[in-house]
Amino acid sequence: MAKIAKAAFDGQDLAPQWTALLAKLLGGTAAPGEGLDLALMAQLRGDKASGLAIQHDVLQSHQLYRVAGGSAPPRLRVLALAAATDMGSNTPIEFLLEDSDIELMLLYIVPGAELPSPLPAHDVAIVIASDSDDCQHTLREIDAVAARWPRPLLNPPQRIWHLDRDKLHALLEGIEGLSIPATIPVSRERLNEVAEEREPIEDVAAALGFPIIVRPRGSHAGVGLEKVDEPIELSLYLDEREEQEFFVSRFIDYASEDGLFRKYRVVFVDGVAYACHMAIARRWDIWYLNAGMAASEAKRLEEAAFMQTFDIGFGRRHRSVLAAIAERIGLDYFIIDCAETKDGSLLVFEADNTAVVHNMDPPDVFPYKPPQMQKIFAAFAAMIAKRAAVAAERAA
């Protein structure tokens, strides 16, 4: 994944490789791993349906894969437990372990296929499936055997289940210095009542009130996300959507004094917070790719300062909040997307275990990023080694 995604990120033409692999697949000569590469390319080319169809067919006969790495004998072996889902719903662990001396194996947990017995030899296992609806089978299957897993099992399903948008608020509520608006699941029928002004939004949930943020339940990467200021806007929004279930939360204005919005991604590895990126834009619905960071030297200088001074700046200001988040969520590895409110609180938008943490940005434009990403990758590898060492001592 890391190599193919990097090629696509850099604008390389994947068509020749796509054509060659597709010919092998149609001719019946493609290896299972090549089939998964083809499925990934289809998704990167924007054809998610074909990618998932190819992946489904490949996984019916083969569920275990070794990610190609260095030629030297590996120091440790990690078994990542994945769901048969789209490329954004499993932790992109290949980025975290790329160029390391840790061997990575992917085991897809799919309906109708039992876990291999015996399990492939490994030192540490980690669940990389998300809390999304299409990963629930995988999480249940792993959870059923988690207590008997023969090696350390990181990011267990019981913890991942708490990351769903409507559960996260209840989990983190009450942390001093934290702001996290309640996310309420609401049916289309109920929203129509509000849109037609037959029911006030406050009757749906006391925590709500216009303006609101609404999105289809189960959506990711901003698909269907809108800020709605009044009932008529909600009516127009629903006219353009076909989904029947939505998540709704109160909008919190987190613009800074200069009118710009700043959104931060913080990575937690073994309970320690690390700066991942900072996006700055005039729009509230920021993603790194729509913030125009590459086009603004001033924005990049601010992001560089955020990373380089994290431990004495952002991280220090919110030290107790970040520590409480790490403790309550309890995952070995996860991220939060967050901001700072006008009163200085930490505003948390979401937490998950599958956001992309990568080192793909061009170093000539973002020279401050590679050292920070390598710091995160080193911390992840150190955590793997620590868990393996503790298990070995207990077994001795």
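1. Start with helix α15, residues 369-395. In this predicted model, α15 lies across β11, β12 and β13 (333-340), and the helix runs at about 150° to β12. Alanine 378 is one of the α15 residues. With a relative accessibility of 45%, alanine 378 counts as partly exposed, because that class sits between the buried limit of 20% and the exposed limit of 50%. If you want a feel for distances, go from alanine 378 to proline 111: they are 267 residues apart in sequence, and their C-alpha atoms are 35 Å apart in space.

2. The sheet under that helix is worth tracing strand by strand. It is an open sheet of 5 strands in the order β6-β14-β13-β11-β12, and the pairing is mixed. β6 (178-179) and β12 are at the edges with a single partner strand each, so each has one side without a neighbour in the sheet. Another helix, α8 (residues 165-172), lies across β6 and β14 (346-352). Its direction is at about 130° to that of β14.

3. Is β12 mostly covered or mostly open, then, given its place at the edge of the sheet? Mostly covered: in β12 (residues 272-281), 9 of the 10 residues are buried. So don't read "edge" as "exposed" here; the edge label is about β12 having a single partner strand in the sheet.

4. Now the β11/β12 pair itself. β11 (residues 261-269) and β12 run antiparallel and are joined by 9 bridges. To get the register right on screen, find valine 266, which stands opposite alanine 275 in β12. Next to look for is valine 267, whose bridge partner in β12 is tyrosine 274. The two strands form a hairpin with 2 residues between them, and there aspartate 270 takes a positive phi near 55°.

5. There is a second open sheet to look at. Its 5 strands go β1-β3-β2-β4-β5, again with mixed pairing. The edge strands are β1 (64-66) and β5 (153-154), each of which pairs on one side only. β1 is joined to β3 (residues 102-109) by 3 bridges, with the two strands antiparallel. Tyrosine 65 is a handy marker, as it stands opposite leucine 106 in β3. Helix α6 (residues 136-145) packs on this sheet and touches β2 (76-83), β3, β4 (124-127) and β5. The direction of α6 makes about 110° with that of β3.

6. Which helix does α9 pack against? For α9 (residues 188-195), one answer is α11 (residues 231-239): the axes are 8 Å apart and the angle is about 140°. That angle makes α9 oblique to α11. The crossing of the two is left-handed. On the α9 side, the contact takes in Arg188, Leu191, Asn192, Val194 and Ala195; on the α11 side, Pro231, Leu234, Ser235, Leu238 and Asp239. By type, the contact has 6 nonpolar, 2 polar and 2 charged residues.

7. Last, phenylalanine 210, in the loop between α10 (201-204) and β8 (212-216). Its relative accessibility is 27%, so phenylalanine 210 counts as partly exposed. Leaving out residues up to four places away in sequence, phenylalanine 210 touches Val194, Ile201, Val228, Asp229, Glu230 and Pro231. Among these, Val194 and Pro231 also take part in the α9 and α11 contact, so they are good places to begin looking. Aspartate 131 is 79 residues from phenylalanine 210 in sequence and 28 Å away in space, C-alpha to C-alpha.

Note on methods
Residues are numbered from 1 along each chain as its sequence is written. This is a predicted model: local features need pLDDT of at least 70, side-chain atom pairs count only at pLDDT 80 or more; totals for chains, interfaces and linings use all residues. Side-chain values use heavy atoms; hydrogens and water are left out. Buried means under 20% relative accessible area, exposed over 50%, partly exposed in between (1.4 Å probe, protein chains only). Helices (H or I, at least four residues) and strands (E, at least two) are DSSP runs, numbered from the N terminus. Two strands pair if DSSP finds at least two bridges between them. Axes are lines fitted to C-alpha atoms, for helices over the stretch in contact, and angles run from 0 to 180 degrees between N-to-C directions. Angles under 35 degrees count as roughly parallel, over 145 as roughly antiparallel, 65 to 115 as roughly perpendicular and the rest as oblique. A crossing is left-handed if the near helix is turned anticlockwise from the far one by less than a right angle, and right-handed if clockwise. Contact means heavy atoms within 4.5 Å. Ala, Val, Leu, Ile, Met, Phe, Trp, Tyr, Cys and Pro count as nonpolar, Asp, Glu, Lys and Arg as charged, and the others, Gly among them, as polar.
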